[in-house]
Amino acid sequence: MKTLVESIAGLSQQLGRDVKFMEVCGTHTMAAFRSGLRQLLPGSVRLVSGPGCPVCVTDPGYIDAAIDLCGRSDVMIATFGDLVRVPGTESTLERERAAGASVRIVYSPSDALVLARECPSKNVVFLGVGFETTAPTVAWAIWRAARDEVRNFSVLCAHKTMPQAMDALLRENAVKIDGFLCPGHVSVITGAHIYRFICEHYHIPCVVSGFEAWDMMKSVAMLLQQLADGRAEVENEYSRSVNDFGNLAAQQLMDEVFEPCDCVWRGLGPIPGSGLAIRDKYAQFDAAKALGVTFREAHINPLCRCGAVLRGVATPLDCRLFGRPCSPAHPVGPCMVSSEGVCAAYFKYERVAA
Amino acid sequence: MRRDRILLAHGGGGTLTRELIEKLFLPNLDNPLLKPLDDSAVLVMGGNSYAFTTDSYVVKPYLFPGGDIGRLAVCGTVNDLVVMGAQPLWLSLGFILEEGLLLADLQTIVESIRTTATEAGVQVVTGDTKVVERGKCEGLYINTAGIGRVMTPHPLGAARVKPGDAVIINGPIGEHGVAVMSRREGIAFQTNIVSDCAPLWPLVQPIVNTKADIHAMRDPTRGGVAAAVCDIARAANVGIRLREDALPISREVRGACDLLGLDPLTIANEGKVMVFCRATDAERVLAAMKAHLLGTESRIIGEVSETPPGMALLRTTIGGERIIDMPTGEDVPRIC
Amino acid sequence: MCLAVPARIVELQGTTATVSVDGALRDVDVSLIEGPRLGDYVLVHAGFAIHRWERSDVEELEAIRAAAGLREATT
């Protein structure tokens, strides 16, 4: 590790200017904070977090819709634990559960399907949130429900895909990004080739990174080397898990069940083609259609700067609500409640002592 | 506040529990004996100091690898006394039983209480039984109170922890929480990990007998080591730094935590004690702990400093530093 | 952006495998990977194996962790 740290310091010095690398993925954000690796980087190399936290970019209207659904006595909500404390306009799934609503935390979409089989009198709605790493697992659940005719299972779909969001960020050009640490596990599914457009269009280097502190430091070094060489390529640091073309079976399953759609990202606004919608063929497993869900306009606290934070334009410390009252125990915005949210990371791991 | 409700997280031993205590219980009940909010209250009667504590046990499932709710009830109560430097003497035992509970299960649990009480050197001197309708509690709940006699020259407590103190723990963390979780419905996974549930006076008595300058002890139960150091840092207004490479965590616990996305520092322990003592006494205390069966893997895991006041930090294996945050209260397995 | 953890297949029945992460066992679905075998290492996310590792990949991870100074308690 020492050699890596020294190599980074040396490369940065050679480069002779400050650089900002964006680590898009929320798991990278957390890994960086948890390992303390940001402190090992020279002041000239800054890591900025991006919108790769699926909980953080979920529109609050989605949470409101989920809360509406769990108010129905025939519905059981099954969800990943990550979502239960996310604030909607007025409440959270955790609070609704405390008030008696049927909300079950599951570890896998397959668990939700099992729940549907075990509770035939309930409509089990799985909250489908996550990027390309998670989408295939949800696609599997839908495909399987269709094959086995599990009629009381459906998914409220809010899956999103990464490349369009990265493109939107670059087009917006609000932050000068010198390089990307690309999401490692998304890339396991999609393959590393999906980032090529960033290099070709914007001439910005990309390194697909693993999640150990070592992986991320190595990726930073690789980015610096690319900058020094004047290259802009997609390099793969996480070669033990990622290849260029990805997991074809997973991609096929996703394509069978989902199709691209336009959707709204909290903080980034509407991004065309960046979402996944359930195909008509599987409409009966689309909770929005099957159970008649209406998405209302959600109210977002105007002081909440999650949006700016997600675009790398502000840090959590720039938000007036940070720490008071917004904290992991009492979050105002999703960046504080998500286990991968930048605000949560700052608060938990690096906040200045009050 | 009127429309707010109690959440599961309020029982987690983390931020929300603390808030409930500070915003609801203390304003209504505050008095000098309660205020320190240590694991037990210290009462002076007839020239002797006694530790007095109460606890309730609602663990689900009530039978788990390495123990059961009965053993847990004895150990948990006894250990709250032990960490005040008190020799546990007497327990009260209140049962709330669910209609339909198998008598065979109750028998197993009561026998477990008997053997654990003997192991801990305590007597159950008074009790109570209530039965509630089917569905109103899960099998059974247990409430206890415990009394012990303080054997240290001064009462121990978080407020006595000082900069320079060493932080010692008697063995690997995270075992109880993981063992219980492995039997819980919905997050089923299998593991060979068993609860570390054990009464700690036999380990702590030799520590006390060293006459070392012990300032505080804490059993890191709900909320784990993280909650314990956050609490103490806050109560004593000191900084506590733990070293990640010194934390004893077994391979299996680490694997389970990786699998479920949990942090071992936040997971409950029921057979562990953290000792805060004057730095120059650390080696002596460590030696006494290592000489006992319950302390063979004891380690110095950190130290207390002046800054940053009120916060606990972790020095990571790669040489960085991060805050150890007070857990919010509910351990949910995550995917993100 | 997701937690995924390397695990070893210790039992295999159809599309369900029991995997071990340092002794912690869980059932996962292996439909998304090709030709899983007993003893294989896989990357697990949300109850599914999403990638199969070679032995050399596992060794790479172990080497990385050793380099970062991660050690375990002897138990």
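These entries record what I looked up in a predicted model with chains A and B.

**Entry 1. The contact between the chains**

I began with the contact between the two chains, where 24 residues of chain B meet 36 residues of chain A. On the side of chain B that touches chain A, I asked which elements give two or more residues; they are helix H1 (15-29) and strand S14 (321-323) of chain B. S14(B) supplies the largest share of that side, namely three residues. I then sorted the residues of this side of chain B by character and found 12 nonpolar, seven polar and five charged.

**Entry 2. Helix H1 of chain B**

I next checked the length of H1(B). With 1.5 Å a residue, its 15 residues should span 21 Å, and I noted that the end C-alpha atoms lie 20 Å apart, which agrees. I also looked for a bend in H1(B) and found one of about 35° at Glu22(B). Which residues of H1(B) are buried? I listed Thr15(B), Leu16(B), Thr17(B) and Arg18(B).

**Entry 3. The sheet of chain A**

I turned to chain A and traced an open sheet of four strands, in the order S4-S3-S5-S6, with parallel pairing. Strand S4 (103-105) and strand S6 (153-157) of chain A are its edge strands, each pairing on one side only. For neighbouring strands of this sheet I recorded an average turn of 30° against each other, direction ignored.

I examined one pair more fully: strand S5 (residues 123-128) of chain A runs parallel to S6(A) and is joined to it by five bridges. Opposite Leu127(A) I found Leu156(A) in S6(A). Helix H3 (residues 60-70) of chain A packs on the sheet and touches strand S3 (75-79), S4, S5 and S6 of chain A. I noted that the direction of H3(A) makes about 140° with that of S3(A).

**Entry 4. The sheet of chain B**

In chain B I followed an open sheet of seven strands, ordered S9-S11-S8-S12-S10-S13-S14, with mixed pairing. Its edge strands are strand S9 (214-218) and S14 of chain B, each of which pairs on one side only. S14(B) is thus an entry in two of my lists, as it also gives three residues to the side that touches chain A. Neighbouring strands of this sheet are turned by 25° against each other on average, direction ignored.

I also looked up how strand S10 (residues 239-243) and strand S13 (residues 312-315) of chain B pair: they do so in the parallel sense over four bridges. Leu242(B) stands opposite Leu314(B) in S13(B). Last, I located helix H6 (residues 224-236) of chain B, which lies across S9, S10, strand S11 (274-277) and S13 of chain B and runs at about 155° to S10(B).

Key. Residues are numbered from 1 along each chain as its sequence is written. Chains are lettered from A and ligands numbered from 1 in the order in which they are written. This is a predicted model: local features need pLDDT of at least 70, side-chain atom pairs count only at pLDDT 80 or more; totals for chains, interfaces and linings use all residues. Two residues are in contact if their C-beta atoms, placed from the backbone, lie within 7 Å. Ala, Val, Leu, Ile, Met, Phe, Trp, Tyr, Cys and Pro count as nonpolar, Asp, Glu, Lys and Arg as charged, and the others, Gly among them, as polar. The expected span of a helix is 1.5 Å times one less than its number of residues. The bend at a residue is the angle between axes fitted to the seven residues ending there and the seven starting there. A residue is buried if 20 or more other C-beta atoms lie within 10 Å of its own, exposed if 12 or fewer, and partly exposed in between; C-beta atoms are placed from the backbone. Two strands pair if DSSP finds at least two bridges between them. Axes are lines fitted to C-alpha atoms, for helices over the stretch in contact, and angles run from 0 to 180 degrees between N-to-C directions.
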